[in-house]
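Grab a coffee and open the viewer. Below is a set of short exercises to work through with the model on screen.

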Amino acid sequence: MSALTEDQTGRGGRPANGTATTVENPPHPAVPRQPEPPGPATAEPTPSTTPTAEPAPSTTATAESVTAEPAPPSPVTDHPAAPRPPITTVTTELAHRTTETDVFPARWTRISDTRFRFSAHWPAAHPFFGPVDDRHQDPMIVGETLRQASMVLAHAEFGAPADTHFVMWDLTVTVDPAALLLADAAEPVEFDVVCSEIRRRGHGLRSMRTTMEFRRAGRFVARGTGSTGCTPPRAYRRLRAGRLNAWDTPVPLLAGIAPQAAGRSRAEDVVLAPADRPGVWNLRVDTGHPILFPRPNDHVPGMVLFEAARQAATAASGLRPFLPSTLTAEFARYAELHSPCRIETEVFDDRPGEVTVRVSGRQDGASVFTASLTSARPARVRSQS
């Protein structure tokens, strides 16, 4: 998903390819830090190709914590029960959003150093993550919730300073569309998070993987995982030298394809523009979009690329709606604002009842991202005549 800078290091400490990876928006102003969890994982040495990280700023992000009252003594043992873990509220600053209505995780509880339990709210109506038809919520809200929750934990539980830049190297989401119904939107969503592959930079965070399972009223809804990297601001300035003022130059706004073809209801939410042949589009970048570009950015946020993959899969497959049950994406480098980015697709329908679309983004002759999305074909309604 924007959801989402980095130290030129790929997963497992391997060097990334050339420039950088994608994804997240610049962070919000700094707020105080929560205590770091005990026993952090040992940091791995940074490869020699990685810019030297500057000392992490002393100010880091935090959240409002409300400690629940201990449970009353057990009537059987007459010993006090163990106190409940504190419940912490997600703020717009922690989630890197500018308005509360765009923040989907609501609060969380620490279970252990690497395990957490969240509650979230997925609204029935949202300006961007709205329903895809008259029955289903948007599966993309799962990826956006995962992206936000990963940044929340990086700041509040693993010591990433508030001015950290984030990048998501990969993202995989599996969804049960039948459990993502508008009729259930009032029900809160609960999801468990496991953090792994934790790598430290001093007392801060260099990268980690988050794996989440989402349930609503006890029913499985989705599962997702993503690998996130963190870069201090001074290292990011070196990494992006010559690009940091890219937003000072206006980006031409291309004419978009028809919203219905992209699976959208509003023309302003379309991120694809026509290209020179079927199955290929140009990335449409609207830096004034309040959700895709909530603040100035020197590159295209990863959330825009993830949405471009979904819209391209919809347009290429012709399915209305395109309800992905599986979405995967890997990001190779930043998508720059002022270079054309081509979105190319391949459609595979060799499995009965399913369509898979592979999507790739290329810019200046190099790969920016690849994605794969699978959707069930809508069941045909037999005529009663």
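Each exercise is a task sentence followed by a worked solution, and the model is a predicted one.

**Exercise 1. Get your bearings: how many helices and strands does the protein chain have, and what share of its residues is buried?**

Step 1. Start with the elements: the protein chain has five helices and 14 strands.
Step 2. Now the burial: 52% of the 385 residues count as buried.
Step 3. Finish with the surface. About 16800 Å² of the protein chain is exposed, and 54% of that comes from carbon and sulfur atoms.

**Exercise 2. Find the cis peptide bond: which residues does it join?**

Step 1. Look for an omega of about 0°; the bond between Arg320 and Pro321 has it, and this bond is cis.
Step 2. Place it in the chain. Pro321 sits in the loop that runs between α5 (302–317) and β11 (324–331).

**Exercise 3. Take His96 and Ala217, and work out whether each is buried or exposed.**

Step 1. Check the backbone of His96: its phi is near 60°, a positive value in a residue other than glycine.
Step 2. Ala217 also has a positive phi, near 55°, and it isn't glycine either.
Step 3. Locate them. His96 belongs to the loop between α1 (92–95) and β3 (105–110), while Ala217 belongs to the loop between β7 (204–216) and β8 (219–231).
Step 4. Apply the cut-offs: buried is under 20% relative accessible area and exposed is over 50%. His96 has a relative accessibility of 1%, so it counts as buried. Ala217 has 64%, so it counts as exposed.

**Exercise 4. Describe the largest pocket: how much space lies in it, and which residues lie nearest its centre?**

Step 1. The largest pocket holds about 350 Å³ of space.
Step 2. Its lining has 21 residues, and those nearest the centre are Pro131, Val132, Gly263, Arg264 and Ser265.
Step 3. Ask which elements contribute: α4 (259–262) and α5 are the ones that give two or more residues to this lining.
Step 4. Sort the lining by character, and you get eight nonpolar, six polar and seven charged residues.
Step 5. Stay with Arg264 for a moment. Its charged end sits over the ring of Phe128, 4.2 Å from the ring centre. Elsewhere, the charged end of Arg358 sits over the ring of Phe348, at 4.4 Å from the centre.

**Exercise 5. Classify the Phe104–Phe129 and Phe116–Phe158 ring pairs, and say which parts of the chain they link.**

Step 1. Know what to look for: a pair of aromatic rings is described by the distance of the centres and the angle of the planes. The count for this model is eight aromatic pairs.
Step 2. For Phe104 and Phe129, the centres are 5.6 Å apart and the planes are at 90°, so this pair is edge-to-face.
Step 3. The two are 25 residues apart: Phe104 is in the loop between α1 and β3, and Phe129 is in the loop between β4 (115–120) and α2 (140–156). Both Phe104 and Phe129 are buried.
Step 4. Phe116 and Phe158 also pair edge-to-face, with 6.2 Å from centre to centre and 75° between the planes.
Step 5. Phe116 is in strand β4 and Phe158 in the loop between α2 and β5 (165–175), so this pair ties together parts 42 residues apart in sequence. Both Phe116 and Phe158 are buried.
Step 6. Round it off with a cluster: Trp108, Phe118, Trp122, Phe191 and Phe214 make up one aromatic cluster.

**Exercise 6. For Pro252, Ala160 and Asp134, find how far each C-alpha lies from that of His338, Gly204 and Leu182, in that order.**

Step 1. Pro252 lies in the loop between α3 (233–239) and α4, and at 60% relative accessibility it counts as exposed. Its C-alpha is 8.3 Å from that of His338, though 86 residues separate them in sequence.
Step 2. Ala160 is in the loop between α2 and β5. It is buried, because its relative accessible area is 0%. Ala160 and Gly204 are 44 residues apart in sequence, with 5.3 Å between their C-alpha atoms.
Step 3. Asp134 is in the loop between β4 and α2. A relative accessible area of 69% makes Asp134 exposed. From Asp134 to Leu182 is 48 residues in sequence and 7.7 Å in space, C-alpha to C-alpha.

Terms used: Residues are numbered from 1 along each chain as its sequence is written. This is a predicted model: local features need pLDDT of at least 70, side-chain atom pairs count only at pLDDT 80 or more; totals for chains, interfaces and linings use all residues. Side-chain values use heavy atoms; hydrogens and water are left out. Helices (H or I, at least four residues) and strands (E, at least two) are DSSP runs, numbered from the N terminus. Buried means under 20% relative accessible area, exposed over 50%, partly exposed in between (1.4 Å probe, protein chains only). On a 1 Å grid over the protein atoms alone, a cavity is a set of points where a 1.4 Å probe fits but cannot get out, and a pocket is an open set with protein on both sides within 12 Å along at least five of seven lines; lining residues have an atom within 4 Å of a point. Grid points are joined across faces, edges and corners, and a volume is the space filled by probe spheres set on the points. Ala, Val, Leu, Ile, Met, Phe, Trp, Tyr, Cys and Pro count as nonpolar, Asp, Glu, Lys and Arg as charged, and the others, Gly among them, as polar. Accessible areas come from the Shrake-Rupley method with a 1.4 Å probe; for residues, only the protein chains shown count as cover. Rings of Phe, Tyr and Trp (its six-membered ring) pair if their centres lie within 6.5 Å; planes under 30 degrees apart count as stacked, over 60 as edge-to-face and the rest as tilted. A charge sits over a ring if NZ of Lys or CZ of Arg is within 6 Å of the ring centre and within 35 degrees of the ring normal.
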